[in-house]
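Good morning. I will talk through one structure today, part by part. Please have a look at it while I speak.

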Amino acid sequence: MSSTSLAQLSNVFVYSSMLVYTGSFITFAVSLASTQAREDVNVDLTEKVAVAASGSGEPAKPSRRVTGVPVERKPDALPPGRRAGNIAMALMWLATILLAAGVIARGISAGRAPWGNMYEFSTASALAISAVFLGVSVKKDVRWLGVFISGAVLLTLGLAVTVLYTDSEQLVPALRSYWLAIHVTAAIISGGAFTFGAFVTMLYLVRDRAEEKAGEGQPVKGWLASRVPSADRLDALAYRTFAFVFPLWTFAIIAGAIWADYAWGRYWGWDPKETWAFITWVIFAGYLHARATAGWRGRRAAVIALIGFASFIVNYFVINLVTSGLHSYAGVS
Amino acid sequence: MGQTTQSAVDGADAGLSTQPERPAAPQQGIGFSGWLRWAWRQLTSMRVALLLLFLLALGSVPGSVLPQRGTDAVRVQEYIKDHHFWGTLFDKVGLFDVFGSPWFAAIYLLLMVSLAGCIIPRLLAHLKALRSAPPIAPSRLTRLPESAAWTTSTADVPDPDALLRAAGDELRSRRWRVVVTGMDGSGREAGTVAAEKGMLRETGNILFHLALLALLLGVAAGGLFGWKGKVIVVEGQGFANTITQYDSFSAGRLVDPGNLPPFTLNLNSFEATYEREGKQQGAPRSFSAGVSAQTNPQQAAVTTTIGVNTPLDIDGSKVYLVGHGYAPVITVTDKNGHVQYSGATVFLPTDGNFSSNGVVKMPDADPQLGIQAMFLPTAIIDPEKGPISVFPATDDPALFMSAWQGNLGLDNGVPQNVYVLDTTQMKRLGTKSLKPGQTWTIPGNGSTLKFDGIKQFATFQVSHDPGRIPALIAGLLTIFGLILSLLVPRRRMWLRVGPADGDSRDIEIGGLSRTEEQGLERVVGEFADQIRGLAPPISDDKAQSNA
Ligand code: HEM
């Protein structure tokens, strides 16, 4: 198949994936809406949690855990919203396979790793976000997050096909390096995980506030807050996501430095893109520190993580489109 | 809250606390050394480390938003001109050179001191912890986050010490650190197994922070002992690695610029290809510079190529290809037949299609002669913009020139830019465009100018950075340290076998996770199942499980 028709095929895959993601988005929304607010009760498990405090040596904050009170229903019926959730998950898998096919076809058509310009970078990022979500969903029930993830993926793809679209082309020589491929792959996967973690963190903030308002032993109120897991579980999930992504992000930066050393004769030059990668890194180092600092765990740490995510987004959009560093894909001279 | 449990767990944490105590403000009358100690405790606290990290992030922002001297001095000047008040103010506080400014250095140096002051005591504590036994069991294991307890019969467990040893061996085989305390002789005290796993986590954390320090030292070494020069070389010519041959050169404080490694490099040929079709027409596709390099005059020359992502390693330095362009070859002969100028002249590209500007000065001609020229590799005459190049390769090259006669202004001692002709004391004689091979007789002067042909030039950056490899190794170690530090779970587990109570004994198992991971439940559950196999519960209704 010729490279142009492969590129067209890639576009067909990307557009059909958007269609299926839309279906998934709607079904996730239906599923979330029809989930009965869990009749959860804040239970004080101070006794247990006190000793579970992570290795900080300080007294743990009394933590709230939540146990579901089962609602009576016919033994063979699925819980409300569950069927929609299952359909949405299936659509999500299908859409992601289509998108992966689109990304791969694009790569074959250009004869290189398919992330050489903003369009390709965005489609690959959308793929990474979905893949992280689906990866987690294999081990955990994260259907409650589906509407946010599929929404973010749709937004990214929408921007990609409208604003950022570029024909499949070869790269300027400076961008032709396998270190670049490694660097960008790590950055894209990090981006997917950062996005996942950021949504979990936002939901954590919503839920935590609602739990606090409800008080110990009371059902949690709030449309969204009552449909997501407990604040402790959200916090733990967010932390584990960021703990996974931080070493990967560090690696992405170092691989980028190795590439820069080959391409430009210096491994670090405070180019705007490098500067923001560094800022993002420092903020997430701050996040990890905050979680080990008395008085900073919980909401404050969550806010730091969101600031870190914001700086990642700034780096991705603003720096690529606005400034004129070496990274804005200019040629050598 | 179980007071005993809490203190037992605290005890288990002794010497491993990740939390430096919050320093209290010093009492009055503690004197200078007291204040010093207080300041040190502040500086090495997590809170201050956090603050410094934020300052570091915040301080970097202007470095990406405002133009920086190091990368774009011209735009800095423009910025100051356009925003006079703010520009001058920003300049005063170093915002146009953020990453070289004293306040930025102050932030990261404080952070490094804080880091050293924080991590060295931790390292010592960790070394001690590695050599000490796992902490003794808390008094009531059932209060731990994961636990199991049941009663077994003395008939099933006639020798509790054997059970303890078997449990200890089992955990050891799964690479726990284990201490078994047998029943004492009287048989009235309980026997315990204390086990701990995941010391690598703290090892990783310390490794990460130390590697970070090493990384900074590597960067600093590069700054002090490294040097870097840029040089333009025309096809067929070469350069020797001495400071005078560079067009620009910068070196760290501890470099002796008179003593650079004596290699030489010749540019034999240069090749560039460009996209011919589509939207990206004219975009570069490949560059390669064919060179021969000689480490020193005694050595044979090596022929090789330098590409954009493939620098040349020579004698501890690296040679990068960072730019290229055209160097038209012209010969000027005066009316008496004397050659006034002959050779390739470097023209600086002004756009992506290599419209290039250059100047030829002939100070020995009488009167002095100067040529201002524009070289267009693929020339067209645009109705609005005039002569312009539409493609970077030499598909249809042309040289557009104006000739000037008079005083070049070279004698007043002020160094001149070789790419600019000072025409204030000169008179224009005429203009002309030539194709390669064509000749122009300059009107009013009688000299002839021949456009002989076109050569290309390459811009090389030569750099020597002794901190590169150490920084790279340190960088890789930070990742390794992080992976251990963030992913290795840190757990403790205890087994207690109680003294015989009639014909039964109590068995308790408890586990504690010191990190935010799940999976403790499974680990404790599996261990409990194994022990249940060795010491079965007497009956189901008596057994209570908390796991
Ligand atoms: C250059 C600045 C620093 C950076 C980029 C940095 C980064 C990090 C990162 C990413 C972690 C997470 C690893 C983990 O959770 O085990 C961490 C942990 C830690 N850092 Fe730093 N750090 C820096 C400076 C410091 C300083 C100055 C201190 C001392 C005050 C410090 C003390 C700690 C401690 C105690 C932990 C472990 C926290 C825990 O037990 O969970 N760090 N650091």
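I need one term before anything else: a residue is called buried when its relative accessible area is under 20%, exposed when that area is over 50%, and partly exposed in between. By that rule Arg490(B), with a relative accessible area of 5%, is buried. Keep in mind throughout that this is a predicted model.

I will stay with Arg490(B) for a moment. Which residue does Arg490(B) form a salt bridge with? The partner is Glu196(B), and the closest N and O atoms of the two are 3.0 Å apart. Glu196(B) has a relative accessible area of 3%, so Glu196(B) is buried as well.

Now find the two on the chain. Arg490(B) sits in the loop between helix H9 (468–487) and strand S22 (491–497) of chain B, while Glu196(B) belongs to strand S3 (residues 191–197) of chain B, so this salt bridge ties together parts that are 294 residues apart in sequence.

The second salt bridge is between Glu275(B) and Arg285(B), with 2.8 Å between the closest N and O atoms. Here the partners are 10 residues apart: Glu275(B) is in the loop between strand S7 (264–274) and strand S8 (284–294) of chain B, and Arg285(B) is in strand S8 of chain B. Glu275(B) has a relative accessible area of 16% and is buried. Arg285(B), at 6% relative accessibility, also counts as buried.

The third one joins Arg532(B) and Asp529(B), at 2.9 Å from N to O. Both of these residues lie in helix H10 (residues 520–534) of chain B, 3 residues apart, which is about one turn of the helix. Arg532(B) counts as partly exposed, at 22% relative accessibility. Asp529(B) is partly exposed too, with a relative accessible area of 48%.

Back to Glu196(B) and Arg490(B): together with Arg177(B) and Arg492(B), they form one network of salt bridges that share partners. Over all chains, the structure holds 21 salt bridges.

Next, the iron. Which protein residues are donors to the iron atom of the ligand? They are His289(A) and His209(B), each through its NE2 atom, lying 1.9 Å from the iron. His289(A) is in helix H8 (residues 272–290) of chain A and His209(B) is in helix H8 (residues 199–225) of chain B, so the pair joins two chains. Both histidines are buried. The iron site has 6 donor atoms, with angles of 77 to 178° among them, and is octahedral.

Let us turn to chain A as a whole. How many helices and strands are there in chain A? There are 9 helices and 2 strands. Read from the N terminus, the order is α-β-α-β-α-α-α-α-α-α-α. Chain A has 333 residues, and 56% of them are buried. Its accessible surface is about 13600 Å², and carbon and sulfur atoms account for 67% of that. Of the contacts in chain A with a separation of 6 or more, 82% are between residues 24 or more positions apart.

One residue of chain A to look at is Tyr178(A), in helix H6 (residues 178–214). At 61% relative accessibility, Tyr178(A) counts as exposed. Its C-alpha atom is 9.9 Å from that of Ala255(A), although the two are 77 residues apart along the chain.

Chain B has a nonpolar surface patch of about 340 Å², made by Ile120(B), Leu124(B), Leu127(B) and Leu130(B). Ile120(B) is in helix H6 (residues 102–131) of chain B, and at 42% relative accessibility it counts as partly exposed.

Last, the backbone. Most residues other than glycine have a negative phi, and most peptide bonds are trans. Arg175(B) has a positive phi, near 65°. This residue is in the loop between helix H7 (160–173) and strand S2 (177–181) of chain B, and at 70% relative accessibility it counts as exposed. Phe354(B) also has a positive phi, of about 60°. Phe354(B) lies in the loop between strand S13 (348–349) and S14 of chain B, and with a relative accessible area of 4% it is buried.

Which peptide bond is cis, with omega near 0°? That is the bond from Asp366(B) to Pro367(B). Pro367(B) is in the loop between strand S14 (356–362) and strand S15 (368–376) of chain B.

That is the end of the tour.

Technical notes
Residues numbered from 1 in each chain as written. Chains lettered and ligands numbered in written order. Predicted model: local features only at pLDDT ≥ 70, side-chain atom pairs only at ≥ 80, totals over all residues. Heavy atoms only, no water. Patch = residues over 30% accessible without salt bridge, like charges linked within 9 Å, V, L, I, M, F, W, Y side chains within 5 Å. Areas by Shrake-Rupley, 256 points an atom, 1.4 Å probe, with all protein chains shown as cover. Salt bridge = Lys/Arg side-chain N within 4 Å of Asp/Glu carboxyl O. Helix = DSSP H or I, 4+ residues; strand = E, 2+ residues; numbered from the N terminus. Buried < 20%, exposed > 50% of the residue type's maximum accessible area, 1.4 Å probe, protein only. Donors = N, O, S within 2.8 Å, 3.2 Å for Na, K, Ca; no water. Tetrahedral: all angles 85-135°; square planar, octahedral: opposite > 155°, others 65-115°. Contact = heavy atoms within 4.5 Å.
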